[in-house]
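Hi everyone, thanks for coming. Let me put the structure up on the screen, and then we'll walk through it together.

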Amino acid sequence: MSATARARTVAGGGAVTHEGIFLAEQLWPIKGQLVLALIGLAIGGLMGLMQALDRVGIVIYKAMLMQTYYQGLTIHGVLLAFLFTFAFSNAFVSLVAIRGFERPLASTFLAQGAFWTMLVGTLLAAYAILTNQATVLFTFYAPMRASSLFFLGAALLVISTLLTALNLVLTRRAWQREHPGERTPLLGFVGVVTYVMWALASLGVVVLVVFFLLPWSLGWLKTTDPQFNRILFWYTGHAIVYFWLMPAYISWYLMVPRQVGGRVFSDSLVRLAFILLLVFSVPTGLHHQYVDPGIPTVMKVVHLFTTFSVVFPSLVTAFTVMAALEDGGRARGGTGLLGWIWKLPWGDPSVAAQLLAMLVFILGGATGIVNASYNLNNVVHNTSFVPGHFHMTVGTAVTLSFIGISYWLIPFLTGRELMGRRLALAQAWLWFVGVLLFARGQIAAGLLGEPRRSSIGEAPYRDLISAGLDNWLTAIGGTLMVISGLLYFIVVLWTVFAGRRLTQPLEIPVAEMRFGARETSPRLDQLGFWFLIAVILVAIAYIPTILLYLPLQSVSPPIKVY
Amino acid sequence: MRIEAYERIFMILAGLMLVLGIVGIGIGALVAGVHVPSPAGRIDPRALSTTPPFDQPGLRDLGGGKYEAVVIARAWQFQPDEIQVPVGATVTFTLASPDVIHGFVLTGTNANVMVIPGQISQVTARFDQPGEYLWVCHEYCGFGHHQMYGKVVVR
């Protein structure tokens, strides 16, 4: 049993003790998933080097033991977009919920089940990809054939998150029984909302894999309908970005303010933002399909409006988090309009990484609005503009935040002091500089028409697209990000294996509210009601579209082209 | 419910910003006439080579400066992979795939469309300047994906 299981922490003024809420049998699956997440980040991130250098014609996929560029690209996408994000969220949000509800998770069986399904799913998918039986990228669009082991593995990764979702909902219910009539603690609430949103959002990919792709890859179904499959994929495929982001938001809203010594404006607005994310995240997927031939314009326009709606809670986040940061900066002696910014604890690697992640997210959000903007999409769709955009969102806003979180999370879980703090600071800044160069390169090249997901280094038309300088920026920026990743793993391994024992157990940072739950409308606490609204909106956005596809035009047998 | 004045102002500004964005998009669509591709029919990919117009891929002169380019996108080439038109031509590209999903982006224009088995894709571009316009496949379609491209030569 680690030191943390006996941790005694004091939160926000009152002498609340947390003895006994972290059970050893619930902590090991949390730690286990964190390890899986970091293995995914390490291997998936390393593949990024191959892709970055490819832009300038340096082809090293053979040196990385890959058969093709696209096999490495598949590993990059699957390990980072699915394994790293899912496993980290499962670990982090479970821990946050325990602290938020100040009680253990409702089910130890589900907590451990989430770990085992994540592990088995990873092994199956990894086996299929490494043996070149599933070089289908993380989008696995039919009719490109992949091994059924890959689809089974992907399904298990999602099931692992759904087990966590069920556990969180049960934990909230148990808390409510123990505290009749009280408002759900905000820190627990935001974790549950994140996973309830994802439970609704993952439905598309679950149906796609279980009812179409798995039977089709096994030969039970002879053909499938690629256009319809894409609708199911993107039903999940956009909402998933909010599932990646919301754990980072939890930290930005409720933990970073504490770390910088500030208070959060109000319980109401935080709750409202998360509820809006629940309601508007899912019915937005068609904006990824603006240039698909088979979808009527009117449905695309419906999703244009819902996509713009979901930008709103992100703008609210910008305000709320900024206000809390300003509060912290002023409490530390910052004066003037912007003077508080320099007073923030930039020397703390956990804080610095997350502040830099937020800065990059401003650009990531702005370029996301370009993608969502119907007619602008004609210029950028499937060009390298898109990876330029999402390396600033999931690639930095999320990843660099998770890295920042891990700078307190790993000491918390291991009872060891964070080692190499200056190295950790350099890591965060290097990532920041790297991603800005990388994204600048990808975005500019995309505007000139450079396609995404292509081995540009080997493309005969490479010299016909005048993106020479842009591709160099991409290559240099991407390389800096990989070096930054390397520094991160040095810090992590140093801390885990040689870190000094903490004399006092760490506490999970939890911010105080200026205006607390008592001022919040009880309506904002009724998760069932908002979930119903979300379901209705999804039905409006998707049922007419899906009806157009019935009966299905199942015309495509599986084809292996890699 | 307690909403601070700052919070209220910020929410109104955020809402206004998004409304402004949507108005901008509306102007682009209604005034400048920029539209996304819309459904152009279904087709059985297994019978592509015997289904008109894909039984005879190539460029057709529709008269009055208008052309139709019927292009098959298959792993890993466009067929045809080059068309020649005069300056001022308006070309409608009609595309379909007999195998996996492909993409079509014509650099320097707004023409951008997915080519999905079972669907016919259509986009139109006007060529007012002489030169060569590159088009490339922009959806991963197997290990030869990056070799898949074509061009419009405008004289």
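So, chain A meets chain B here through 73 residues on the A side and 60 on the B side. Please keep in mind that this is a predicted model. Together the two chains bury about 5,600 Å², and 70% of that is on carbon and sulfur atoms.

What about charges across the interface? The count between chain A and chain B is one salt bridge. The partners are A:Arg453 and B:Glu139, whose side chains come together at 2.8 Å, N to O. For polar contacts, we count 16 residue pairs between chain A and chain B, with both residues at pLDDT 80 or more.

Which elements of chain A supply two or more residues to the side that touches chain B? These are α7 (226-254), β1 (263-266), α9 (267-280), α10 (297-331) and α13 (377-380). Of these, α10(A) gives the most, with ten residues. By residue type, this side of chain A splits into 44 nonpolar, 22 polar and seven charged.

Now let's move to a helix pair inside chain A. The axes of α15 (residues 393-414) and α16 (residues 421-447) of chain A come within 11 Å and cross at roughly 180°. Angles over 145 degrees count as roughly antiparallel, and α15(A) and α16(A) are therefore roughly antiparallel to each other.

If you zoom in, α15(A) brings A:Gly395, A:Thr396, A:Thr399, A:Leu400, A:Ile403 and A:Tyr407. They meet A:Ala424, A:Gln427, A:Ala428, A:Trp431 and A:Val435 from α16(A). That contact is made up of seven nonpolar and four polar residues, with no charged ones.

Methods
Residues numbered from 1 in each chain as written. Chains lettered and ligands numbered in written order. Heavy atoms only, no water. Contact = heavy atoms within 4.5 Å. Buried area = accessible area lost by both parts, 1.4 Å probe. Salt bridge = Lys/Arg side-chain N within 4 Å of Asp/Glu carboxyl O. Polar contact = N/O pair within 3.5 Å; in protein donor to acceptor, adjacent residues only side chain to side chain. Helix = DSSP H or I, 4+ residues; strand = E, 2+ residues; numbered from the N terminus. Nonpolar A, V, L, I, M, F, W, Y, C, P; charged D, E, K, R; others polar. Axes fitted to C-alpha atoms, helices over the stretch in contact; angles between N-to-C directions. Parallel < 35°, antiparallel > 145°, perpendicular 65-115°, else oblique.
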